[in-house]
Amino acid sequence: MRALAQFVMRGPLQAGGVAAVTTAIPLLFWIGAAVVGLVILRLGLSQGLSIGLWALLPALGWSWIGQDPTALAVLLQVTLMATVLRATLSWEKALLGGSFLAIATGALLPVLYPDMLDNLVRAGVSFYEQYNAEVARSLGDELESVIRQSMNASMTGTFLVSGVLMTMLARSWQAGLYNPGGFREEFHAFRLSGPVAVLCVAIMLAGSFLGLNSLLLSWAFGLPLFIAGVALVHGVVGRKNMSGQWLVMFYIALVLLGPSLMVLLLVLAFVDSWLDFRGRIKPSGPAE
């Protein structure tokens, strides 16, 4: 991947070509988004937008002709977050920008892609009626509404997660080329400020009380807390100079335990925003 990043930064023709080709190829759109993010982070929004136009055309093609907004949504997410990150040098602000864009995306999906959502909802209703009739009966007339909200939130959340990961990939490329070790240091130190952590929790909880799509709000504003929780684990491992096997075990546990460990990470990230666990840990030898 480093070789690809070096090739991209040789000039606008190389960057634009890679962005256009990878966005046009199914399942490679994420590379195009990361390329645009790298250019924005290194050269600024003006240069990034000129490269982004190369990726935008095939993304619009997928969105309009193929009725698949994934490439377009992820490209917009990366463009926004990379722009905010370059301007503010704050992952907190970048993630919040992505979260608010995710809310806007969730509101626009039913308007711009009603047929796609209708097909997904019909498939979901059919699945529950055939394989989980008890749940279908208990929800009754609300089954379709619940599935529609779930599908909308899941798609939007997937776009957001992909956008965050591609922005991180672009940042790691930038660090690898121009500031070795910079992304690792940046990620290990990342934590939310107290007010932002409270804001995220408040918005997540407000959905059910206000009759909004609580799953969508949980995806959008739970992700900054989750990223902060993962950064806390990485930061503690690095500060204590522990073996990388601890991180391998952490990710295996994350896959096996799933939601339970995710909730724990959210709680730890919230508490860490006020107590700063890493600042209280005495470094153990040189950083890993």
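This passage looks at the empty spaces in a predicted model and at how helix α12 packs against two other helices.

Start with the open space. The largest pocket holds about 650 Å³, and 24 residues line it. Nearest its centre sit L223, F226, I227, V230 and M262. Several helices chip in to build the wall: α9 (143-178), α10 (182-188), α12 (214-239), α13 (245-257) and α14 (259-275) each give at least two residues to the lining. The biggest share belongs to α12, with nine residues. As for chemistry, the lining of this pocket is mostly nonpolar, with 19 residues in that class against four polar and one charged.

There is also some closed space, though not a lot to list. The model has one cavity of 30 Å³ or more, and the space in this largest cavity comes to about 30 Å³. Its lining consists of W91, L95, M168, F187, F190 and I227. Sorted by class, that makes six nonpolar residues, with no polar and no charged ones. I227 turns up in both places: it lines the cavity and is also among the residues nearest the centre of the largest pocket.

Since α12 supplies so much of the pocket lining, its packing deserves a look. Two packed helices are described by the angle between their axes and the distance between those axes. For α12 and α13, the axes come within 10 Å and cross at roughly 150°. Angles over 145 degrees count as roughly antiparallel, and α12 and α13 are therefore roughly antiparallel to each other. Their crossing is right-handed. On the α12 side, the contact uses F226, V230, V233, H234 and V237, which meet W246, L247, F250, Y251 and L254 of α13. The residues of this contact split into nine nonpolar and one polar, with no charged residue.

The pairing of α12 with α14 is set up another way. Here the axes lie 8 Å apart and the packing angle is about 85°, so α12 and α14 are roughly perpendicular to each other. From α12 the contact draws on G222, L225, F226, A228, G229, V230, L232 and V233, while α14 brings M262, L265, L266, L268, A269, F270 and D272. In this contact 12 residues are nonpolar, two are polar and one is charged.

A few residues tie these pictures together. F226 and V230 of α12 touch α13, take part in the contact with α14 and also lie among those nearest the centre of the largest pocket. M262 of α14 likewise belongs to the contact with α12 and to that central group of the pocket.

Key: Residues are numbered from 1 along each chain as its sequence is written. This is a predicted model: local features need pLDDT of at least 70, side-chain atom pairs count only at pLDDT 80 or more; totals for chains, interfaces and linings use all residues. Side-chain values use heavy atoms; hydrogens and water are left out. On a 1 Å grid over the protein atoms alone, a cavity is a set of points where a 1.4 Å probe fits but cannot get out, and a pocket is an open set with protein on both sides within 12 Å along at least five of seven lines; lining residues have an atom within 4 Å of a point. Grid points are joined across faces, edges and corners, and a volume is the space filled by probe spheres set on the points. Helices (H or I, at least four residues) and strands (E, at least two) are DSSP runs, numbered from the N terminus. Ala, Val, Leu, Ile, Met, Phe, Trp, Tyr, Cys and Pro count as nonpolar, Asp, Glu, Lys and Arg as charged, and the others, Gly among them, as polar. Axes are lines fitted to C-alpha atoms, for helices over the stretch in contact, and angles run from 0 to 180 degrees between N-to-C directions. Angles under 35 degrees count as roughly parallel, over 145 as roughly antiparallel, 65 to 115 as roughly perpendicular and the rest as oblique. A crossing is left-handed if the near helix is turned anticlockwise from the far one by less than a right angle, and right-handed if clockwise. Contact means heavy atoms within 4.5 Å.
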